[in-house]
Structure formats: C-alpha cells, structure tokens
Amino acid sequence: MTQTSDETAAGAGSVPGAGPDPVDARLAARLAELRAERGWSLGELSERSGVSRSTLSRAERAEISPTASLLNRLCAVYGRTMSRLLSEVEAEPALLVRADEQPVWEDRAAGFVRRSVSPPHAGLRGELVEGRLAAGADIAYDRPPVPGLEQHIWVLEGALDVTAQDVEHHLGTGDCLRLRVWGPTRFRCAGPGAVRYALAVVLP
C-alpha cells in the first residue's frame with residue numbers, strides 16, 4: 001500500500017523496536033480520550049481532519065511520533081490550541097513540594113513577601129500561596145489574571161483588610177474570605193503588627 005504524505009511525516013523519527021517516548025505515550029492517550037469524549041469513530045475523525053484512519057490509529061497507539069502538521073489538524077478539529085493540547089500531557093506534578101523548594105518572591109518597597117507553597121501546574125487547577133504583609137503595607141491589583149478567579153483567603157496571624165467589588169472586609173486571625181475575583185482587589189495591613197495569610201487560588 002502506498003503511504004500517504006501525512007503517514008510518512010508522522011512516522012519520521014520513530015525507531016522500530018523502541019518503546020514510545022513518554023511524552024508521545026501521554027499524547028497518544030490524550031488524543032484517544034478526545035475522540036472518545038466526542039463519540040467519534042476513526043472514520044469520522046478522518047473525514048473531519050483529512051488524516052488517514054491508519055495514521056490516526058497509529059498516533060493513538062503511540063506507534064508514531066506526530067508531526068506539528070498532524071497535531072495542528074487535530075487541534076483544529078478538537079477546538080484547542082497546540083499549546084493547550086501539549087500542556088494537557090505534561091508530566092504529572094511532583095506530589096511533594098519541600099519547603100526549601102517553594103519559590104519566594106519579595107517586594108521590599110511594598111513590604112510584601114509571597115511564598116508559592118503549591119506552585120501552579122498545567123495539570124492542576126489550584127495553587128496555594130503564603131503571603132506576608134508588613135504593618136502599613138497596602139497592595140492593589142487592578143484586575144485578576146483570569147476573570148472569575150476563585151480565591152480563599154485565610155488569615156494565619158494578625159489582621160488583614162481586603163477590598164473586592166468595592167466592599168471592604170476586615171479579617172482577624174482565623175477568619176477566611178471566599179470570593180470570585182472579577183475586578184480590582186486590595187490587600188492592606190493596618191497594623192500594628194504584620195499579617196501572615198494563606199491564599200488558595202482556583203482557576204474557573
């Protein structure tokens with residue numbers, strides 16, 4: 001049988017007898033999941049994408065390493081960018097994040113220290129942050145990175161004033177404020193001492 005151009009390109013780089021690359025294996029499984037979620041047969045996907053059934057079958061079994069051109073066709077059919085597809089098959093995040101591995105960022109001028117306790121990862125929807133504000137510190141954000149971002153703010157020590165949707169909330173030690181962020185927010189430590197709080201962030 002004559003091999004089609006997409007089959008030839010997709011098969012380039014595969015090594016006979018070698019096991020599939022771990023990323024290719026995860027990508028193959030994800031491609032199979034996307035087709036199954038839509039209830040499509042290989043024939044239906046072939047008609048929609050213009051990729052032969054045999055190539056699709058081999059790609060879903062990790063028998064070939066897909067080319068960018070092949071992935072681009074499939075991404076168009078599945079309604080996602082290539083970046084998003086590839087992020088969905090990244091290696092699983094580390095289950096344990098040691099204290100000395102947690103990134104710390106400091107804004108000395110503002111009196112703000114931010115520790116990323118559970119850093120964001122493409123395979124996870126949430127992250128956990130520890131924030132510290134010195135007495136008198138006042139931090140304002142003009143918009144959330146993602147509209148509708150869910151936040152849970154739990155004060156561990158001290159007191160914190162949080163303004164969201166033009167409403168100011170005063171949080172004492174142990175208090176927790178839960179909200180979805182659509183507009184500007186403000187975090188202020190009136191004092192007399194510093195405040196330490198935990199911030200759980202969940203993507204909508």
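In the predicted model, the length of helix H2, which comprises residues 22-38, can be set against the span expected of a helix: at 1.5 Å a residue, its 17 residues should cover 24 Å, and the end C-alpha atoms lie 25 Å apart, which agrees. The buried residues of H2 are Asp24, Leu27, Ala28, Arg30, Leu31, Leu34 and Arg35. When H2 is viewed down its axis, these buried residues are confined to an arc of 165°, and they therefore line one face of the helix. An α-helix has 3.6 residues a turn, so that residues three or four places apart point the same way. On the other side of H2, Pro22, Ala36 and Glu37 are exposed. The cover over the buried residues of H2 includes contributions from H3, from helix H4 (53-60), from H5 and from helix H6 (82-87). After H2 comes Gly39, a residue with a positive phi, near 70°.

Two of the helices that take part in covering H2, namely H3 and H5, also pack against each other. Two packed helices are described by the angle between their axes and the distance between the axes. For helix H3 (residues 42-49) and helix H5 (residues 68-78), the angle is about 100° and the axes are 9 Å apart. Because angles of 65 to 115 degrees count as roughly perpendicular, H3 is described as roughly perpendicular to H5. Leu45, Arg48 and Ser49 make the contact on the side of H3, whereas H5 contributes Arg73, Leu74, Val77 and Tyr78. Sorted by class, the residues of this contact between H3 and H5 comprise 4 nonpolar, 1 polar and 2 charged.

The loop between H4 and H5 contains Ala62, a residue other than glycine whose phi is nevertheless positive, near 60°. With a relative accessibility of 16%, Ala62 counts as buried, since the cut-off for that class is under 20%. A positive phi is also found for Gln165, near 55°, again in a residue other than glycine. Gln165 is situated in the loop between E6 and strand E7 (167-171), and, in contrast to the buried Ala62, Gln165 counts as exposed at 57% relative accessibility.

Strand E6 (residues 160-164) includes Thr163, which at 19% relative accessibility counts as buried, the limit being under 20%. When neighbours within four places in sequence are left aside, the residues in contact with Thr163 are Glu168, Pro184, Thr185 and Arg186. Further along the chain, the loop between strand E9 (185-188) and strand E10 (195-202) holds Pro192, and the peptide bond leading from Gly191 to Pro192 is cis, with omega near 10°.

Taken as a whole, the protein contains 6 helices and 10 strands. Of its 204 residues, 36% are buried. Among the contacts in the protein that join residues at least 6 apart in sequence, 63% are between residues at least 24 apart.

Terms used:
Residues numbered from 1 in each chain as written. Predicted model: local features only at pLDDT ≥ 70, side-chain atom pairs only at ≥ 80, totals over all residues. Heavy atoms only, no water. Axes fitted to C-alpha atoms, helices over the stretch in contact; angles between N-to-C directions. Helix = DSSP H or I, 4+ residues; strand = E, 2+ residues; numbered from the N terminus. Parallel < 35°, antiparallel > 145°, perpendicular 65-115°, else oblique. Contact = heavy atoms within 4.5 Å. Nonpolar A, V, L, I, M, F, W, Y, C, P; charged D, E, K, R; others polar. Expected span 1.5 Å × (residues − 1). Buried < 20%, exposed > 50% of the residue type's maximum accessible area, 1.4 Å probe, protein only. Arc of directions from axis to C-beta.
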